[in-house]
Amino acid sequence: MRRGRWAALALGLLRLCLAQANFAPHFFDNGVGSTNGNMALFSLPEDTPVGSHVYTLNGTDPEGDPISYHISFDPSTRSVFSVDPTFGNITLVEELDREREDEIEAIISISDGLNLVAEKVVILVTDANDEAPRFIQEPYVVLVPEDIPAGSIIFKVHAVDRDTGSGGSVTYFLQNLHSPFAVDRHSGVLRLQAGATLDYERSRTHYITVVAKDGGGRLHGADVVFSATTTVTVNVEDVQDMAPVFVGTPYYGYVYEDTLPGSEVLKVVAMDGDRGKPNRILYSLVNGSDGAFEINETSGAISITQSPAQLQREVYELHVQVTEMSPAGSPAAQATVPVTIRIVDLNNHPPTFYGESGPQNRFELSMNEHPPQGEILRGLKITVNDSDQGANAKFNLQLVGPRGIFRVVPQTVLNEAQVTIIVENSAAIDFEKSKVLTFKAVDPDTGPWGEVKYSIYGTGADLFLIHPSTGLIYTQPWASLDAEATARYNFYVKAEDMEGKYSIAEVFITLLDVNDHPPQFGKSIQKKTMVLGTPVKIEAIDEDAEEPNNLVDYSITYAEPANVFDINSHTGEIWLKNSIRSLDALHNITPGRDCLWSLEVQAKDRGSPSFSTTALLKIDITDAETLSRSPMAAFLIQTKDNPMKAVGVLAGTMATVVAITVLISTATFWRNKKSNKVLPVRRVLRKRPSPAPRTIRIEWLKSKSAKASTKFMLKEKPPNENCNNNSPESSLLPRAPALPPPPSVAPSTGAAQWTVPTVSGSLTPQPTQPPPKPKTMGSPVQSTLISELKQKFEKKSVHNKAYF
């Protein structure tokens with residue numbers, strides 16, 4: 001009985017405790033992939049738009065009480081989500097970036113108003129293809145020897161993409177498919193293609209544009225592929241692979257009879273064909289000299305070793321060999337050039353007369369008087385000879401003595417001739433008049449009469465010498481001629497004989513240009529802006545003096561795609577092909593859908609040997625529609641390549657404004673200076689509506705005006721025409737005009753208008769009354785009027801009209 005009572009008591013207490021308990025709410029756990037529950041293992045793509053509903057918190061309360069939801073974040077982090085407390089809808093409020101933050105920690109909680117349950121959750125941010133590849137360790141500049149074997153590794157580029165999966169994989173391509181280089185698409189290793197070679201003399205720099213592309217991926221629901229480009233500058237290093245080059249060919253030299261052994265005849269000049277690192281050059285004679293000539297192995301000067309009288313030939317064909325010496329001292333490349341040396345005869349041998357027994361300077365003959373006219377003197381056997389050669393062996397013969405008796409034949413001789421004397425005047429040969437007739441046979445070009453000495457003078461003669469007897473002109477040993485600096489010299493030559501008679505001639509010497517300058521661009525990397533339909537121009541300057549050495553041809557050696565641009569080989573103008581007429585067409589063939597292009601342009605001269613150089617041209621392409629949107633933007637784009645043009649336009653505009661201002665100021669000054677007399681002042685007040693006529697107000701003004709006018713007396717006097725009048729009256733203060741008469745008032749039914757009439761005349765202070773003080777001027781209106789008039793007359797500045 002007692003046990004049953006205790007059991008009933010315990011059961012009642014248990015029921016009482018259960019009635020007072022309130023269980024806490026809890027979240028539903030719906031597992032992976034669910035967007036409803038407690039956000040367990042929830043992940044979200046990083047390209048989710050801000051404002052998107054991404055999840056719904058869901059839970060329950062055992063007692064069925066209303067519940068609310070909350071989400072919070074660490075104070076040091078961003079509040080990425082917000083939650084609707086009633087429905088549990090979670091909204092993205094901050095942009096996601098997996099590369100910066102791949103996990104988001106949050107505290108979610110559920111509450112029934114009495115109990116609150118909180119859970120820590122980690123939201124995973126998944127990758128989207130929103131990052132482009134990026135090249136690291138730029139810029140890329142490589143020095144490669146020109147003799148590098150085909151297939152050799154040149155360089156390795158490296159690009160990274162922070163995306164994951166296929167969007168983070170990078171492959172490499174070259175823009176120019178016709179480049180001598182190739183790239184491994186996976187490693188980024190650059191190689192010289194099989195069968196390709198580099199040539200320092202042909203192109204010293206190559207620009208390789210490498211494109212890095214990711215594997216593609218999804219971004220905002222679309223498949224996208226990102227890419228990046230970089231330029232690898234390959235500088236070609238010169239190696240010894242070119243033979244020496246002779247400069248100034250062909251070579252001709254001259255030796256004269258008075259040339260002394262050891263004298264320099266001429267100089268040959270050669271240079272290493274490898275301009276980057278030239279070797280030392282040595283000269284030598286191969287053959288053709290027969291021991292008569294020698295050459296200086298370092299300077300290339302050829303000199304004679306024998307006396308010209310000992311030379312056996314008139315023309316010597318020498319062969320000069322030039323040999324490059326490597327840094328180690330061993331012979332390298334060689335080249336040979338012919339040199340022609342001619343032995344020139346001097347006019348230093350006088351004609352010589354010969355008889356039957358040899359040289360003879362006296363000939364005698366007996367004859368009868370009065371021989372027949374035209375008879376030949378048979379007893380004389382005279383031969384004349386000049387051992388000079390060429391034109392120097394030409395001479396004239398004449399008889400010096402009594403005129404008209406005999407005639408010598410021939411009168412002009414070349415080298416040698418038989419001399420004949422013919423009777424011309426038989427009557428003059430008279431025994432009674434003269435038993436002996438004496439004559440000379442004389443060459444007027446020989447002896448002291450024929451000796452000529454040459455000299456040069458003038459401003460251009462410093463670099464030259466002239467042989468005093470032969471007249472041969474040659475350069476000073478120390479002279480260095482440059483056709484680019486001075487292409488033409490002129491000076492005067494004086495030829496003087498022994499008697500002091502002379503003649504002067506002007507000599508012009510023109511230097512023949514040698515191709516020793518490559519074309520040069522202003523900058524190795526240039527930027528241009530191209531408007532569709534309008535070409536851009538690139539220009540290189542060749543400092544050689546003459547054509548064809550300074551003529552430049554242009555070509556595009558590198559472009560990808562290769563069928564976008566054309567170039568004028570003579571002018572350097574570059575334009576788009578006719579098939580490309582819009583920016584959309586460009587976008588379709590551009591990997592990155594942009595309009596910035598890089599071209600490698602080569603400038604090559606027409607000399608021999610030819611030189612070339614390259615430049616990287618970056619072209620930004622726009623269209624006329626873009627330019628027409630804003631005139632200022634169009635002007636800035638057009639002057640983008642030439643900033644000085646914009647500065648010039650601005651300076652011109654400012655100069656125009658300043659000039660107009662100066663002209664206006666000058667005209668105003670001279671107008672005021674010309675009209676320097678005091679004229680009546682006109683004050684015109686604008687008409688404005690006023691209420692009905694106020695007779696009392698007008699009468700009050702009339703009385704005040706009359707009161708003020710008593711301080712001045714009206715004096716009519718014509719204006720002074722002479723502004724510099726020094727009369728006593730001119731030293732007085734200017735006279736103010738008389739006050740206007742009271743206006744007439746006419747009643748009107750409408751709005752009344754009133755005006756202040758023109759004031760003219762002059763005011764003269766009364767001599768017995770001191771100048772009025774401002775405080776006794778009457779009304780403020782009258783004081784202001786008198787003060788203004790006084791200031792205007794004191795400044796002596798007259799205005800025909802003044803508007804108030």
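Reader: What share of the 804 residues in the protein is buried?

Author: Buried residues make up 33% of the 804 residues. This is a predicted model. Buried here means under 20% relative accessible area.

Reader: How many helices and strands does the secondary structure come to?

Author: The protein has 7 helices and 59 strands. Of the contacts with a separation of 6 or more, 64% are between residues 24 or more positions apart. The protein exposes about 48,900 Å², and carbon and sulfur atoms supply 55% of that area.

Reader: Why is Tyr 457 called partly exposed?

Author: Its relative accessibility is 37%. Buried would require under 20% and exposed over 50%, with partly exposed in between. Tyr 457 therefore counts as partly exposed. The residue lies in strand S40, residues 452-457.

Reader: What makes Tyr 457 part of a nonpolar patch, and which residues form that patch?

Author: Tyr 457, Tyr 492, Tyr 502 and Ile 504 form the patch on the surface. A patch residue needs over 30% relative accessible area, and Tyr 457 has 37% relative accessibility. Together the four have about 400 Å² of accessible area.

Reader: Why does Ser 387 count as partly exposed?

Author: Ser 387 has 45% relative accessibility. The range for partly exposed runs between the 20% and 50% limits, so Ser 387 counts as partly exposed. Ser 387 sits in the loop between strand S33 (382-385) and strand S34 (394-396). Its C-alpha is 7.4 Å from that of Pro 351, although the two are 36 residues apart in sequence.

Reader: How do you know that strand S53 is largely enclosed by the rest of the structure?

Author: Strand S53 covers residues 612-622, and 9 of its 11 residues are buried, so the strand is largely enclosed.

Reader: Which strands pair with S53, and in what sense?

Author: Strand S46 (residues 525-531) pairs with S53 in the parallel sense over 7 bridges. In that pairing, Thr 529 stands opposite Asp 620. Strand S52 (residues 596-605) runs antiparallel to S53, joined by 9 bridges. Here Gln 602 stands opposite Thr 614. A hairpin of 6 residues also joins S52 to S53.

Reader: What makes S23 and S26 edge strands?

Author: They belong to an open sheet of 4 strands in the order S23-S30-S29-S26, with mixed pairing. Strand S23 (251-256) and strand S26 (280-287) each pair on one side only, and they are the edge strands. Neighbouring strands of this sheet are turned by 30° against each other on average, direction ignored.

Reader: How many bridges join S23 to S30?

Author: There are 6, and S23 and strand S30 (residues 331-344) run parallel. Two bridges are enough for strands to count as paired. Tyr 256 has Val 344 in S30 as its bridge partner.

Reader: What makes the side chains of strand S31 alternate?

Author: In strand S31 (residues 352-355), Phe 353 and Gly 355 point to one face and are buried. Thr 352 and Tyr 354 point to the other face and are not buried.

Reader: Which strands pair with S31?

Author: S33 pairs with S31 in the antiparallel sense over 3 bridges, and Thr 352 has Asn 385 in S33 as its bridge partner. Strand S32 (residues 358-359) is also antiparallel to S31, over 2 bridges. The cut-off is at least two bridges, so S31 and S32 count as paired. Gly 355 stands opposite Gly 358 in S32, and a hairpin of 2 residues joins S31 to S32.

Key. Residues numbered from 1 in each chain as written. Predicted model: local features only at pLDDT ≥ 70, side-chain atom pairs only at ≥ 80, totals over all residues. Heavy atoms only, no water. Buried < 20%, exposed > 50% of the residue type's maximum accessible area, 1.4 Å probe, protein only. Contact = heavy atoms within 4.5 Å. Areas by Shrake-Rupley, 256 points an atom, 1.4 Å probe, with all protein chains shown as cover. Patch = residues over 30% accessible without salt bridge, like charges linked within 9 Å, V, L, I, M, F, W, Y side chains within 5 Å. Salt bridge = Lys/Arg side-chain N within 4 Å of Asp/Glu carboxyl O. Axes fitted to C-alpha atoms, helices over the stretch in contact; angles between N-to-C directions.
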